[in-house]
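Visitor: Please show me the structure. I would like to go through its cross-links and its packing.

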Amino acid sequence: MNKPMAYRITPAAKHTPIVFVFLTLSVCSSVSSTISTDPTPTPTPWPLQFHSILFMNYSGALEIIDLWYDWPNGRNFNRMQDQLGEVVYDLEWNNGTSFVYTLDAPKRCWTAQLEVGILRPNWLDGANYLGQEKVDGFLCNVWEKVDFIWYYEDVVTRRPVHWRFYTGRTAHVMTFEVGAVLEDANWQGPEYCFLNKTGNIDSTLLHKAEIGSMRLSI
């Protein structure tokens, strides 16, 4: 498999930071009440492994995130690219280690050791059910969790369709491939991430890490 592509790093002002350690998806819209066979539907746990392409929009700032989730191996990988921009990679491990880096010059890397790992497959347990709403052309069940994220799931297929964060940033799920696994060779951070772990933090990379992180502690 070809190595991951490079990420665009944008001014911090383009993205309202999302708490790096705490991530919860939110949806805030008018939720219509619809008759359901289950009076209290529960969100479907995430598959143990999947690949998804997300189209992100924050006040007109557009971004594509290529997401690989691999719970059995304790890892999560985001390839993030702003419109016409550089590619940034966010590699997260369940032991709390994170690498956020670019592959094109100038090569940059930011590393962190956090207290929490990646999202659990059942991270939506305890979310508040809000009802049903049509979004992106799909009739969805809607849940909210800790006033951070609103999560839309297709009523028929039970696949995720749309996420909305408390900041107003939205994620439109373009593809959702259950069972897809990224080859092991792509999970290795570049060597320059290990040369100077105490170096200066690149603020643009830090903001990308905050945006792409799939970490949650609840």
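Guide: A salt bridge is a side-chain nitrogen of Lys or Arg within 4 Å of a carboxyl oxygen of Asp or Glu. Keep in mind that this is a predicted model.

Visitor: By this rule, what is the count of salt bridges?

Guide: Side chains of opposite charge can pair when their charged atoms come close. With the 4 Å cut-off, the count of salt bridges comes to five.

Visitor: Which residues are linked in a network of salt bridges?

Guide: Start from Arg75. Its salt bridge with Asp70 has the closest N and O atoms 2.9 Å apart. Arg75 also meets the side chain of Asp184, at 2.7 Å from N to O. The network therefore consists of Asp70, Arg75 and Asp184.

Visitor: How many residues apart in sequence are the parts that Asp184 and Arg75 tie together?

Guide: The two side chains meet in a salt bridge. Arg75 lies in strand S3, residues 75-82, and Asp184 in the loop between S11 and H1, so the parts tied together are separated in sequence by 109 residues.

Visitor: Does Asp184 count as buried or exposed?

Guide: The cut-off for exposed is over 50% relative accessible area. Asp184 has 57% relative accessibility, so the label is exposed.

Visitor: And Arg75, buried or exposed?

Guide: Buried means under 20%. Arg75 has 6% relative accessibility. Arg75 and its partner Asp70 are both buried.

Visitor: Where does Glu86 lie, the partner of Arg108 in a salt bridge?

Guide: The side chains of Arg108 and Glu86 meet at 2.9 Å, N to O. The pair links distant parts of the chain, 22 residues apart. Arg108 sits in the loop between strand S5 (97-101) and S6. Glu86 sits in the loop between S3 and strand S4 (87-93).

Visitor: Which cysteine does a disulfide join to Cys109?

Guide: The rule asks for sulfur atoms within 2.5 Å. It yields one disulfide. Its S to S distance is 2.0 Å, and the partner of Cys109 is Cys193.

Visitor: How many residues apart in sequence are the parts that this pair ties together?

Guide: Cys109 is in strand S6, residues 109-113. Cys193 is in the loop between strand S11 (170-178) and helix H1 (203-212). The disulfide therefore ties together parts whose separation in sequence is 84 residues.

Visitor: What is the torsion about the S-S bond, and what is the handedness of the disulfide?

Guide: The torsion for Cys109 and Cys193 is about 110 degrees. The disulfide is therefore right-handed.

Visitor: How many residues does the largest nonpolar core have?

Guide: In soluble globular proteins, nonpolar side chains tend to be buried together. Here, the residues with the most contacts inside the largest core are Trp46, Leu54, Trp123, Tyr151 and Trp163. Elements that give two or more residues to this core include strand S1 (49-58), strand S2 (61-70) and strand S9 (149-154). The core has 27 residues.

Visitor: Another core lies apart from it; how many residues does that one have?

Guide: Its members include Tyr89, Leu91, Leu182 and Trp187. The number of residues is twelve.

Visitor: How many helices and strands are there in the protein chain?

Guide: From the N terminus on, the elements run β-β-β-β-β-β-β-β-β-β-β-α. That gives one helix and eleven strands.

Visitor: What percentage of the residues count as buried?

Guide: The protein chain has 218 residues. With buried meaning under 20% relative accessible area, the share is 52%.

Key
Residues numbered from 1 in each chain as written. Predicted model: local features only at pLDDT ≥ 70, side-chain atom pairs only at ≥ 80, totals over all residues. Heavy atoms only, no water. Helix = DSSP H or I, 4+ residues; strand = E, 2+ residues; numbered from the N terminus. Buried < 20%, exposed > 50% of the residue type's maximum accessible area, 1.4 Å probe, protein only. Core = buried A, V, L, I, M, F, W, Y, C linked by side-chain atoms within 4.5 Å.
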